[in-house]
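Dear colleague,

I am passing on the structure we spoke about, and below it you will find my notes on what I found when I went through it. Please read them with the structure open beside you.

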Amino acid sequence: MGLDFSSALAAAEAIGSARAQGVGMGIGVQSNMATPALAAAGPTPPTPSTPPTPPTLPTRAEKHPLPLHATAMNHDHFQHLLVRRGHDVLFATLNHPETRNALAPGMVAELAQVVGLAESDAAVRALVLRGAQGFFCAGGDVGSFQARCDAQAGAQDPVAARNREFGHFMQRLSALPVPVIAAVEGAAIGGGMGLACACDLVLATADANFALSETSLGLIPAQIAPFVVARLGLRTAQRLGLFGERVRGPTAVALGLVDELAADSGTLDALLAQWLTRLCACAPGASRVLKPLLRRCGQEDQGALLDDAARLFAACMRSEGAQGIAALREKRPAAWQCSFDAQAVRP
């Protein structure tokens, strides 16, 4: 259910994108396939100098409907993904099982389209990433690596350019103002592990493997490095990257790769539904404001950050906050609350 939280959201995203981090690393997009170049993050809007105008909440009749799979998107645009939308959560399933859902250029380009929808549609509440047929993602498109090696480096090295395109996508994914959840089965290898590390919540089956395998191929995880380090810390990233160690289960949890384990795929569906129900107990506009604010913590002057936080708090108080407080007083659910079950989240 979407709420018009445009003023506070615009202020938060303007400030957050002005300071968004991210530099590259991962092997996940090398290929000789001709595909459109991925768009880099858009122009940075200026930081607002005046407090945001309190937004006007829509009436119940104005709120966005809960889109269905068949009507939410034009599926002719997606050849590498299965994309659907329910309760304003986007579900994107990597769907190229022949390559174990490798991050070929076409796959990454379509993932970038989904990220663009989450960026531009204020009704979107979250993005869930998953792999088809019980396998999350094998990382780079190894089948195209030889063609990349044969390409001649000129004024702009085509190998470096294609690799950097993946980094642009990773920056946009990491900077999304909505929560991003990875539901991992099978394995997340190389760029697939980097994809998971860029998410806010990682759920996995107990037998799912994680590895930075690039160095075993004589490569480096170039465009995913900052996101792996951000999630795991430098020492753990070094351990996994320099030794090519595969981890799973409780070890993956202990290292910070996985937030919660499920016994099997069916249990993973139930676990994902549980987390999405928790998410949808929270106001969508407030969540879109909070995530960019948290990313700024420790990155800029604390006083200036708290000044901006106070203005954002006031905007929240006058919009969704008013609804939430009224719901609490009246002992009823807030208008934005909804729930999921295992069937609703299953690919």
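Which residues of the largest nonpolar core touch the most other members? In this model, which is a predicted one, that core has 51 residues, and those with the most contacts to other members are Leu127, Leu129, Phe169, Leu173, Met193, Phe210 and Leu257. Helix H3, which covers residues 105-120, gives the most to this core, contributing 7 residues. A second core, separate from this one, is made up of 19 residues, among them Ala126, Leu203, Leu276 and Leu279.

Leu257 may be a useful place to begin looking. Once its neighbours within four places in sequence are set aside, Leu257 is in contact with Met193, Cys197, Val202, Phe210, Arg231, Leu232, Leu240, Val247 and Ala252. Two of those partners, Phe210 and Val247, also stand opposite each other, with Val247 lying in strand E8. Strand E7 (residues 209-211) pairs with E8 in the antiparallel sense over 2 bridges, and both belong to an open sheet of 3 strands in the order E5-E7-E8, whose pairing is mixed. At the edges of that sheet are strand E5 (187-189) and strand E8 (247-248), each of which pairs on one side only.

Strand E3 (126-131) deserves a separate look. Of its 6 residues, 6 are buried, and the cover extends to both faces of E3, with Ala126, Val128 and Arg130 buried on one side and Leu127, Leu129 and Gly131 buried on the other. Ala126 is listed in the second core, whereas Leu127 and Leu129 are members of the largest one. Strand E2 (residues 89-94) pairs with E3 in the parallel sense over 6 bridges, and within that pairing Val89 has Ala126 as its bridge partner.

After E3 comes the loop that leads to helix H4 (145-150), and Val142 is found in that loop. On the surface, Val142 joins Leu217 and Leu219 in a nonpolar patch, and together these residues have about 250 Å² of accessible area.

For the chain as a whole, the secondary structure comes to 14 helices and 9 strands, and 50% of the 347 residues count as buried. The accessible surface comes to about 15,600 Å², with 56% of that belonging to carbon and sulfur atoms. Finally, among contacts between residues at least 6 apart in sequence, 77% join residues that are at least 24 apart.

With best wishes

How values were computed. Residues are numbered from 1 along each chain as its sequence is written. This is a predicted model: local features need pLDDT of at least 70, side-chain atom pairs count only at pLDDT 80 or more; totals for chains, interfaces and linings use all residues. Side-chain values use heavy atoms; hydrogens and water are left out. A nonpolar core is a set of buried Ala, Val, Leu, Ile, Met, Phe, Trp, Tyr and Cys residues joined through side-chain atoms within 4.5 Å. Buried means under 20% relative accessible area, exposed over 50%, partly exposed in between (1.4 Å probe, protein chains only). Helices (H or I, at least four residues) and strands (E, at least two) are DSSP runs, numbered from the N terminus. Contact means heavy atoms within 4.5 Å. Accessible areas come from the Shrake-Rupley method with a 1.4 Å probe; for residues, only the protein chains shown count as cover. Patches are made of residues with over 30% relative accessible area and no salt bridge: like charges are joined within 9 Å, nonpolar side chains (Val, Leu, Ile, Met, Phe, Trp, Tyr) within 5 Å. A salt bridge is a side-chain nitrogen of Lys or Arg within 4 Å of a carboxyl oxygen of Asp or Glu. Two strands pair if DSSP finds at least two bridges between them.
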